[in-house]
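Let's take a friendly stroll through a protein model. Have the sequence and the 3D view open as you read.

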Amino acid sequence: MDEFERIAKLYAPLAAGFEGALGLKDDAAVISMAPGEDLVVTADALVAEVHFLPEDAPGLIARKALRCNLSDLAAKGATPFAYLQTTALPREWGDDWLGEYAAGLALDQREFGVHLIGGDSTETPGPATISITAFGRVAQSTAIRRAGAGVGDRVFVSGTLGDAALGLMAIYGRIAGLMAPDRAFLVDRYRLPQPRVSLGPRLVGIARSAVDVSDGAVADLGHVCEVSGVGAVLDFGRVPLSAAAAAALGRSADLLAPILTGGDDYEILFTAPPACAGAIAAIAQEIGIPITEIGYIIEGHGVQVRDGAGRIVELARTGYRHFRG
Ligand SMILES: [Mg+2]
């Protein structure tokens, strides 16, 4: 297929239903915003050999690329509705690869209610690169920022932490004694993150700051502290773990560091005043996603990790952006 055939066959169907996409037949898309709404925008690029392997399933690559962006919008309290994508792919990847890739996007478009509204595609002699820019809506001036944490806030996180980091280690055979179902669970958490799009918008008016966990819980909480001008205590005894992660940690205490500093969980970590605890518990119940209090904001700077007995835990690394090998 040439570029125009690809657009017509693979991508135009992904734009159907979003009028401003103009059927992907124009130079640009048009986004209408209602009065009193803000547009929230984010972009993420994935590079082969850095963020994914060329032999990974194309549909999973597509979905992970989209989901990383949706997670960023969720952390702002925004509801996603559209995205642009630009791909630079090796010529030999061909139509079958692209067909599976587009099918992955179609699946997630249905799941998350978003549409492709434009972009570009080129060939490259270098590593494949996929860049997605996503758009969300939020009521004017209500988007949740990183720079809002206040002393006395409690720190909360959705879901469970560390699964993706352990999943990546499992792929490389670096965790001993994993049962097959636990391994499958952890690897899936790495390969196909669950952006918390149902949670983000419900935190508007409750969370004073928020971030999605992509660099690791300690690093991402550290980002919030830095821009908010505060410090934090993270109580490891309260960190929510999946059964698979808890079993792995039970066999090897060394996994504490990757659980707290590994990336790619795509949970939402946020701070809120203690008085909001009841409202947060009600949200967790409503959306069926656990939300756990894991620490609190203090004066100062940096993140202290403490164990269940209150002793400070030293971690070798406080986070790494994207890791492989
Ligand atoms: Mg983020």
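What follows looks at a metal site, some aromatic rings, two charges over rings and one threonine.

## The metal site

Keep in mind that this is a predicted model. A good place to start is the magnesium ion, which is coordinated by Asp-72 and Asp-212 through their OD atoms, at 2.0 Å. These two residues link distant parts of the chain: Asp-72 belongs to helix 2 (residues 58-75), while Asp-212 belongs to strand 6 (residues 209-212), and they are 140 residues apart.

Is Asp-212 buried or exposed? Asp-212 has a relative accessibility of 2%. Buried means under 20%, so Asp-212 counts as buried.

## Rings that pair up

Now for the aromatic rings: there are four aromatic pairs in the count. One of them is Phe-18 with Phe-81, a stacked pair with 6.0 Å from centre to centre and 10° between the planes. Here, too, distant parts of the chain are linked. Phe-18 is in the loop between helix 1 (3-15) and strand 1 (37-47), Phe-81 is in strand 2 (residues 79-89), and 63 residues separate them. Both Phe-18 and Phe-81 are buried.

Next, take Phe-156 and Phe-270. Their ring centres are 5.3 Å apart and their planes meet at 15°, so this pair is stacked as well. Once more the pair links distant parts of the chain: look for Phe-156 in strand 5 (residues 154-158) and Phe-270 in strand 8 (residues 268-272), 114 residues apart. You'll find that Phe-156 and Phe-270 are both buried.

Which residues make up one aromatic cluster? They are Trp-93, Trp-97 and Tyr-101.

## Charges over rings

Rings can have company of another kind. Go back to Phe-81, the stacking partner of Phe-18: Arg-137 lies over the face of Phe-81, 4.1 Å from the ring centre.

A lysine does something like this elsewhere in your view: Lys-64 lies over the face of Tyr-190, and here the distance to the ring centre is 3.8 Å. Lys-64 is the residue to click on if you want to see that ring from its face.

## A threonine in helix 8

Last stop: Thr-261, which sits in helix 8 (residues 256-261). Why does Thr-261 count as buried? Its relative accessibility is 1%, and buried means under 20%, so Thr-261 falls in that class.

What does the side chain of Thr-261 have beside it? One of its polar atoms lies 2.7 Å from the backbone oxygen of Ala-257.

How values were computed: Residues numbered from 1 in each chain as written. Predicted model: local features only at pLDDT ≥ 70, side-chain atom pairs only at ≥ 80, totals over all residues. Heavy atoms only, no water. Helix = DSSP H or I, 4+ residues; strand = E, 2+ residues; numbered from the N terminus. Buried < 20%, exposed > 50% of the residue type's maximum accessible area, 1.4 Å probe, protein only. Polar contact = N/O pair within 3.5 Å; in protein donor to acceptor, adjacent residues only side chain to side chain. Donors = N, O, S within 2.8 Å, 3.2 Å for Na, K, Ca; no water. Phe/Tyr/Trp six-rings, centres within 6.5 Å; stacked < 30°, edge-to-face > 60°. Lys NZ or Arg CZ within 6 Å of the ring centre and 35° of its normal.
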